[in-house]
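Biologist: Before we discuss particular features, could the model itself be placed in front of us? I should then like to ask how each kind of feature is to be read.

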Amino acid sequence: MLSSKNVVVVEAWNTTTTTQTQTPHRPSLLHPTFYWGYNCQVLFSGWPGSDRGMYALALIFVFFLAFLAEWLARCSDASSTKPGADKLAKVAFRTAMYAVKSGFSYLVILAVVSFNGGVFLAAIFGHALGFAVFRGRAFRNMGRVDG
């Protein structure tokens, strides 16, 4: 037999019915669709809050996370270790670079899950500019003079 305390907890989180008494006590922070606005929550509880300046900082932060993920992808793709380095050291270095790149990429994904349109665009532009700068052929061939 369940005590009334346990039943209350179960009923408080039961979202299968539409009665007002059985909806969760906490409001949902996830939006099922993209929305525009600076009052959002990105990556951390309460950040950036409702301050426009902190929202701009959050967009810059997500942009640079995506940009750095592309740079780290380029570093791990290229043989950026010394030619005479030990094979185990090369593998360890490339594995560490891959782990950091994956961590940055997952942070970008978690930021986009906020469903804020500005955060989504910052992530897309960060990845696009990072790809163009670090892995795109257009920027690599700009300094060459054919002739």
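**Reading the model feature by feature**

Modeller: Let us begin with one residue and its surroundings: leaving out residues up to four places away in sequence, Tyr38 touches Gly49, Ser50, Asp51, Arg52 and Tyr55. Please bear in mind throughout that this is a predicted model.

Biologist: Where is Tyr38 found?

Modeller: Tyr38 sits in the loop between α1 (4–12) and β1 (40–41). Its relative accessibility is 31%, so Tyr38 counts as partly exposed. As for distances through space, the C-alpha atoms of Tyr38 and Gly117 are 9.7 Å apart, although 79 residues separate the two in sequence.

Biologist: What pattern does the chain follow along the sequence?

Modeller: The order is α-β-β-α-α-α-α, that is, five helices and two strands. Of the 147 residues of the chain, 25% count as buried. Among contacts between residues at least 6 apart in sequence, 58% join residues at least 24 apart.

Biologist: How should one read the backbone geometry, and which peptide bond is cis?

Modeller: The general expectation is that most residues other than glycine have a negative phi, and most peptide bonds are trans. In this model, a cis peptide bond joins Trp47 and Pro48, with omega at about 5°. Pro48 belongs to strand β2 (residues 48–49).

Biologist: What is the phi of Leu43, and where is Leu43 placed?

Modeller: Leu43 has a positive phi of about 65° although it is not a glycine. Leu43 lies in the loop between β1 and β2. With a relative accessibility of 26%, Leu43 counts as partly exposed. A second case is Phe115, also not a glycine, whose phi is positive and near 60°. Phe115 is in the loop between α3 and α4, and its relative accessible area of 26% makes Phe115 partly exposed.

Biologist: Which other residue of the loop between α3 and α4 might we consider?

Modeller: Val113 is found there. At 39% relative accessibility, Val113 is partly exposed. The C-alpha atoms of Val113 and Gln41 lie 10.0 Å apart, while the sequence separation is 72 residues.

Biologist: How does one describe two helices that pack together?

Modeller: Two packed helices are described by the angle between their axes and the distance between the axes. For α3 and α4, the angle is about 150° and the axes are 8 Å apart. That angle makes α3 roughly antiparallel to α4. The crossing of α3 past α4 is left-handed.

Biologist: Which residues of α3 and α4 meet?

Modeller: From α3, Val108, Ala111 and Val112 meet Val119, Phe120, Ala123 and His127 of α4. Val108 also reaches other residues: leaving aside neighbours within four places in sequence, its contacts are Val62, Leu65, Ala66, Ala123 and His127.

Biologist: How is a nonpolar core to be read, and which residues of the largest one touch the most other members?

Modeller: In soluble globular proteins, nonpolar side chains tend to be buried together. Here the largest nonpolar core has 14 residues, and those that touch the most other members are Cys40, Val42, Val62, Val108, Ala111 and Val119. Helices α2 (52–77), α3 (87–112) and α4 (117–134) each supply at least two residues of this core. The largest share, five residues, comes from α2.

Biologist: Is Ala122 buried or exposed?

Modeller: Ala122, a residue of helix α4, is buried, with a relative accessible area of 10%. Beyond residues up to four places away in sequence, Ala122 touches Leu59, Val62 and Phe63. Its C-alpha atom lies 9.2 Å from that of Val112, and the two are 10 residues apart in sequence.

Biologist: Which residues does the UniProt annotation "transmembrane region" cover?

Modeller: According to the unreviewed UniProt entry, the annotation covers residues 54–73 and 104–134. One may then compare such a record with the modelled geometry. Residues 54–73 are 100% helix and 0% strand, with the end C-alpha atoms 28 Å apart. Residues 104–134 are 87% helix and 0% strand, and the end C-alpha atoms of that span lie 16 Å apart.

Biologist: How does the second span relate to the helix packing discussed earlier?

Modeller: The relevant point is the arrangement of α3 and α4, which pack at about 150° and are therefore roughly antiparallel.

How values were computed: Residues numbered from 1 in each chain as written. Predicted model: local features only at pLDDT ≥ 70, side-chain atom pairs only at ≥ 80, totals over all residues. Heavy atoms only, no water. Core = buried A, V, L, I, M, F, W, Y, C linked by side-chain atoms within 4.5 Å. Buried < 20%, exposed > 50% of the residue type's maximum accessible area, 1.4 Å probe, protein only. Helix = DSSP H or I, 4+ residues; strand = E, 2+ residues; numbered from the N terminus. Contact = heavy atoms within 4.5 Å. UniProt positions renumbered as here; feature names shortened; annotations may be inferred. Axes fitted to C-alpha atoms, helices over the stretch in contact; angles between N-to-C directions. Parallel < 35°, antiparallel > 145°, perpendicular 65-115°, else oblique. Left-handed = near helix turned anticlockwise from the far one by under 90°.
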